[in-house]
Each structure stands twice: as C-alpha cells, then as structure tokens.
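Subject: Structure handover

Hello,

Here is the structure you asked about. Please open it alongside this note; my findings follow below.

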Amino acid sequence: MTDFGGAVQEKSRYELAIIGVPFDEKSSYLRGSAGGPAAIRASSTGKARNPVTELGVDLEHDTVIVDLGDIDTSGDVDKTFLRIETAVAAVIHKKAKPIILGGDHSITYPILKVVAGAWRGVDILHFDAHPDLYEDLYGDRLSHACPFARIMEDGLAESLVQVGVRAATSEQRTTAKRHGVRMIEMKDFRDDLSLEFTRPLYISFDLDALDPAFAPGVSHQEAGGLTTRQAIDIIHRLKAKIIGLDVVELNPDRDPSGITASAAVKIVKEVAGMMIRRSRSSRRA
Ligand code: MN
Ligand code: MN
C-alpha cells in the first residue's frame, strides 16, 4: 500500500477513500488492467511526489484520505460486482467520497448502482476515447464496452457528458441520441471547453481518453486524444460538487515507463483536490 504523495492516512474517519478493483475479466481485447490499482499506487509514492494539488489543496493536511485496499475479485463476476457495490456503499455510508482505481471499465456500472441510489439524481462526466454504449459486445452486456448503455437504460444518471470520444460507431451514436447523451467528440473539441452540471457529479475517467502519446498504457490505444493538460483543465473548470471518481483501464503491461500510471495519479490528485474544495465551499454556503 502506498501513499499518494504522502496523503494517505490510516484513520477510521475519513473524507475520501481509495478502493482498488484489480479486475479485467470484462476486457474485450487485452487483459492486464487488473494490474492497474497496484501500478497507480506504486506511482503515487511520496518519494516521487508531494500531496499538494495544482490549485493549492494539501491532500495530507486539508482532508483525510484512506486507502481501503483492493476488493476481492476471485470467483464469479457477479460476486465481484456485488463486492464493488458493498465497498462503495460502505464509503458513502460514512459520508465519504469513493475514488475507485480500476480495473476495466465494466466496474463503473456496479459503482453507479450504489452512487445513484445514495444521491437523488447524479450527473456523470465520462472521459473516454469510446462511448462505451454498445448494447452488447460479442454477446456480453456487461463488457467494458457497455457500462454506459446499462447505466442509462437503468436510469442511474440524469445526464451523461462524454469527452474525448473518437471511436463512435453509428449504433453508439443512435444509443447516445436515445438517452440524451452529450457526446463531445475530439473532432469538435475546443480547448476552452467548460462544462456545467446542476446535480452532484460523478467522474468516470478511462485513461484512453488521453492521447497514446501521453497515456500509452491502455488496452485500446486510439490516436488523436486529449493531452493530459487538457483533461486537467476541464476538471479544474468544474463548479459542480464532485461526489465520486473512477480511473480505469490502466494496463501496466503496455506502460513500461510508467507514464500512464503517472497520469492516473495526477488525475486522482486533482479530482481529489476538487472534491475537498467543493465540499468546503458548500459547507460555508
Ligand atoms: Mn476507452
Ligand atoms: Mn471505457
């Protein structure tokens, strides 16, 4: 277990909780993302970085972050998904916010079942090269290519905004339209993108949203993506209350230099800082 720049503490009361999900059984192409949580934790060590975010939040002193370790992913997929739900529910029950490290993107569906049940209406900001809106992939409705189809058909989000998309099929465009998904494709992307949400916001960050130049350590490299800087800027401009985050699809087998794990740590830190900042300002209000 490591420390996110020295920020992770061992306390029973906490504001943010990291949960690892070493699971890649719903990957349609390469396995390897089960190694994601360990690679992100290793890259996060305080020997390599400090706990302060770009916006000046000190994650060691301004909040309490714990790392609850990895969930057990042995046995059937149903059992793993149930354990994900249980782990996320326990964090929300403590009035804390979950930060989940994947794992392939299929895990976002069980996470959202709990998040949507706990909050009355959530919006989702989804970073991804892919819409992940397939009805099924090779007959599997729980594939990592499908979580947002399940989330939208179950009514688990009031709105879904996708950023970074550059591999949409006509089937997925139709599904997006049917569910009112706002798909911001890379071909239409502008640097000054500023997103407004009216409800509590859940962020799901598939690392393949980033260009493979910045994040090669993913199973489905798709050129023409976001720079890490652009993604961070979008996050920094959010005004919504952020209530949860997952960072998924890191495949350490394809990340020999660790550049992708490093980007993942950066995303976790900056979003964590925004979670603190927003919850403080809402307490003051
Ligand atoms: Mn993707
Ligand atoms: Mn995805």
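What spacing do the donors of the manganese ion (ligand 1) follow along the chain? The pattern is D-x1-H-x75-D-x1-D. Bear in mind that this is a predicted model.

The metal site

Start with ligand 1. This manganese ion is coordinated by Asp128 (OD), His130 (ND1), Asp206 (OD) and Asp208, the last listed with two OD entries. The distances run from 2.1 to 2.5 Å. Asp128 sits in the loop between β4 (123-127) and α4 (147-153). Asp208 sits in the loop between β7 (201-206) and α6 (228-236). These two are 80 residues apart, so the pair links distant parts of the chain. Asp128 is buried, at a relative accessible area of 0%. Asp208 is buried too, at 3%.

Now ligand 2. Its protein donors are His105 (ND1), Asp128 (OD), Asp132 (OD) and Asp206 (OD). They lie 2.1 to 2.2 Å from the manganese ion. Here the spacing is H-x22-D-x3-D-x73-D. His105 and Asp132 again link distant parts of the chain, 27 residues apart. His105 is in the loop between β3 (97-102) and α3 (108-118), and Asp132 is in the loop between β4 and α4. Both His105 and Asp132 are buried.

How far apart are the two manganese ions, ligand 1 and ligand 2? The separation is 3.3 Å, and Asp128 coordinates both. Asp206 also appears in the donor list of ligand 1 and in that of ligand 2.

Gln172

Look next at Gln172, in helix α5 (residues 170-178). Is Gln172 buried or exposed? The cut-off for buried is under 20% relative accessible area. Gln172 has 1% relative accessibility, so it counts as buried. Its side chain reaches the backbone nitrogen of Leu133 at 2.8 Å. Leaving aside residues up to four places away in sequence, Gln172 touches Pro131, Asp132, Leu133, Tyr134, Ala145, Ala167 and Met183. One of these, Asp132, is a donor to ligand 2.

Helix α1

Helix α1 covers residues 36-43. Six of its eight residues are buried, so the rest of the structure largely encloses it. Those six are Gly36, Pro37, Ala39, Ile40, Arg41 and Ser43.

Salt bridges

How many salt bridges does a search of the whole structure find? It finds 16. Three are worth a look.

- Asp72 and Arg83 meet at 3.8 Å, N to O. Asp72 is in the loop between β2 (65-70) and α2 (77-93), while Arg83 is in helix α2, 11 residues apart. Both are partly exposed: Asp72 at 40%, Arg83 at 25%.
- Glu135 pairs with Arg141, with the closest N and O atoms 2.6 Å apart. Glu135 is partly exposed at 29%, and Arg141 is partly exposed at 37%.
- Glu153 pairs with Arg150, with the closest N and O atoms 2.7 Å apart. Both lie in helix α4, three residues apart, about one turn of the helix. An α-helix has 3.6 residues a turn, so residues three or four places apart point the same way. Glu153 is partly exposed at 34%, whereas Arg150 is buried at 3%.

There is also a network: salt bridges that share partners join Glu54, Arg229, Asp233 and Lys266.

Best wishes

Note on methods
Residues numbered from 1 in each chain as written. Chains lettered and ligands numbered in written order. Predicted model: local features only at pLDDT ≥ 70, side-chain atom pairs only at ≥ 80, totals over all residues. Heavy atoms only, no water. Buried < 20%, exposed > 50% of the residue type's maximum accessible area, 1.4 Å probe, protein only. Helix = DSSP H or I, 4+ residues; strand = E, 2+ residues; numbered from the N terminus. Donors = N, O, S within 2.8 Å, 3.2 Å for Na, K, Ca; no water. Polar contact = N/O pair within 3.5 Å; in protein donor to acceptor, adjacent residues only side chain to side chain. Contact = heavy atoms within 4.5 Å. Salt bridge = Lys/Arg side-chain N within 4 Å of Asp/Glu carboxyl O.
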